[in-house]
Amino acid sequence: MESWKKNVREAVPYVPGEQPDLPDMIKLNTNENPYPPSPKVGEALCAIRDQDLRLYPDPSAGELTGAVAGYYGLSREQVFVGVGSDDVLAMAFLTFFNGREPVLFPDITYSFYDVWAGLFRIPYRQVPLADDFTIRPEDYKAVNGGIVFPNPNAPTGEALSREAIEEIVAANPGGVVIVDEAYVDFGAVSALPLTEKYDNLLVVQTMSKSRSLAGMRIGYAMGNPGLIRCLNNVKYSFNSYTMDQTALAAGKAAMEDREYFEKTRKKVIETREWTKRELAKLGFSFGDSMGNFIFAAHEFCPAGELFAALRERHIFVRYFDKPRISNYLRITVGTPEEMEALIDFLKKYLRQE
Ligand SMILES: *Cc1c(COP(=O)(O)O)cnc(C)c1O
């Protein structure tokens, strides 16, 4: 063995959904928004002059933090921003999960959690979802070194009520509870108001999905100023300038255009509900997804086979060949035209079986 290898940090990386680039593809595999970001984003980007880039960006990301705070009626001290919510979540794991007891998260959930836990050597325990794929609050009353779960959960789309989240947060005053609200704008109820009452609750959101900015990499965390201060201390110990000037300008513009945000998220929700009805007619079953995706299993056609058939037709969906979920496809909600093409293909394919 080469001698340097003994000092390497071993890591098992997260595998993101593929980013194919085919002219005729229908891309429903990474939960991106099918609509472009607010036109205000383009205007803000055009207003950046090349000579502005000579200077470092504002390390506190003040304008962006202020725009997020303004949107939610918070103070800037209650908001932390990062390079997508993946960066925010990684920073939060590093900051808050330093105990000896295991951090708890569901067995079926965002598959980055166990990757960060591995990278940072955080002990963890995966808590099985109920048979109907819901999170049971009582399962999170065991001894733990912190808790993290998405609401709605990914990839199931199942959402918890604010009361259920409060039950978990209230039962764990000795640790930080992170609620990953990547998809909350598509119909679930945010836990944000609970941050006024509980100082151990951190709510994480992203501009990647409901604000159509996956390519810009902007995420944020909201919580009481004590938690936010701890996050900033870790950030400033790592990289002071995580947010570049373009991200600061684009994120602010997206946050301020409420009308566009409301319009596009409503379209996605309507298309999701239409797609659910059509999938049900074709023999698919699924929970009541509150995300911009549907997690569905077919009554007779195995998910792996459907995944491959769709892929051949350049319709990309996500398939996780993992215990409990290997017969499900996660289908991102695209435009009405894209979903019609998906349904048309499935109709023909399932008929000839
Ligand atoms: C998409 C997603 C994220 C990460 O989003 P970013 O693009 O990094 O902001 C985090 N959590 C869940 C559950 C997601 O689905």
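Helices (H or I, at least four residues) and strands (E, at least two) are DSSP runs, numbered from the N terminus. The model shown in these views is predicted.

**View A. Pro-152 and Pro-155 lie in the loop between strand 5 and helix 5.**
The loop that holds Pro-155 runs between strand 5 and helix 5. The peptide bond from Ala-154 to Pro-155 is cis, and its omega is near 0°. Pro-152 also has its place in the loop between strand 5 and helix 5. The bond leading from Asn-151 to Pro-152 is cis as well, with omega near -5°.

**View B. Strand 5 pairs with strand 6 in the parallel sense.**
Four bridges join strand 5 to strand 6. At one position of this pair, Pro-150 stands opposite Asp-180 in strand 6. In a regular strand, side chains alternate between the two faces of the sheet. Strand 5, residues 147-150, is covered on both faces. Ile-147 and Phe-149 are buried on one side, and Val-148 and Pro-150 are buried on the other.

**View C. Asn-172 sits in the loop between helix 5 and strand 6.**
Helix 5 covers residues 162-170 and strand 6 covers 177-180; the loop with Asn-172 lies between them. Is Asn-172 buried or exposed? Its relative accessibility is 7%, and buried means under 20%, so Asn-172 counts as buried. Leaving out residues up to four places away in sequence, Asn-172 touches Tyr-140, Ala-142, Asn-144, Ile-147, Val-177 and Asn-200. One of these, Ile-147, is also among the buried residues of strand 5.

**View D. Helix 1 crosses helix 7.**
Two packed helices are described by the angle between their axes and the distance between the axes. The axes of helix 1 (residues 39-46) and helix 7 (residues 245-256) come within 8 Å and cross at roughly 150°. That angle makes helix 1 roughly antiparallel to helix 7. The crossing of helix 1 with helix 7 is right-handed. Which residues of the two helices meet? From helix 1 they are Lys-40, Val-41, Ala-44 and Leu-45, and from helix 7 they are Thr-246, Ala-249, Ala-250, Ala-253 and Ala-254. By class, seven residues of this contact are nonpolar, one is polar and one is charged.

**View E. Four strands form an open antiparallel sheet.**
The order of the strands is 9-10-13-12. Strand 9 (284-286) and strand 12 (318-319) are the edge strands, and each pairs on one side only. Strand 9 and strand 10 (residues 293-298) run antiparallel and are joined by three bridges. These two strands form a hairpin, with six residues between them. Within the pair, Ser-285 stands opposite Ala-297, and Phe-286 stands opposite Ala-296. Strand 10 also pairs with strand 13 in the antiparallel sense, over four bridges. There Ala-296 stands opposite Leu-329 in strand 13.

**View F. Strand 10 is covered on both faces.**
How many residues of strand 10 are buried? Six of its six residues are. On one side the buried residues are Phe-293, Phe-295 and Ala-297; on the other they are Ile-294, Ala-296 and His-298.

**View G. Helix 8 and helix 10 cross at roughly 10°.**
The axes of helix 8 (residues 258-281) and helix 10 come within 10 Å. Angles under 35 degrees count as roughly parallel, and helix 8 and helix 10 are therefore roughly parallel to each other. In helix 8, the residues that meet helix 10 are Thr-271, Trp-274, Thr-275, Glu-278 and Leu-279. Their partners in helix 10 are Pro-336, Met-339, Glu-340, Ile-343, Leu-346 and Lys-347. This contact has six nonpolar, two polar and three charged residues.

**View H. Ala-61 and His-314 have positive phi values.**
Ala-61, a residue other than glycine, has phi near 50°. Ala-61 is found in the loop between helix 1 and helix 2 (62-72). With 3% relative accessibility, Ala-61 counts as buried. His-314 is not a glycine either, and its phi is about 65°. The loop that holds His-314 lies between helix 9 (303-312) and strand 11 (315-316). Because its relative accessibility is 25%, His-314 counts as partly exposed.

Technical notes:
Residues are numbered from 1 along each chain as its sequence is written. This is a predicted model: local features need pLDDT of at least 70, side-chain atom pairs count only at pLDDT 80 or more; totals for chains, interfaces and linings use all residues. Side-chain values use heavy atoms; hydrogens and water are left out. Buried means under 20% relative accessible area, exposed over 50%, partly exposed in between (1.4 Å probe, protein chains only). Contact means heavy atoms within 4.5 Å. Axes are lines fitted to C-alpha atoms, for helices over the stretch in contact, and angles run from 0 to 180 degrees between N-to-C directions. Angles under 35 degrees count as roughly parallel, over 145 as roughly antiparallel, 65 to 115 as roughly perpendicular and the rest as oblique. A crossing is left-handed if the near helix is turned anticlockwise from the far one by less than a right angle, and right-handed if clockwise. Ala, Val, Leu, Ile, Met, Phe, Trp, Tyr, Cys and Pro count as nonpolar, Asp, Glu, Lys and Arg as charged, and the others, Gly among them, as polar. Two strands pair if DSSP finds at least two bridges between them.
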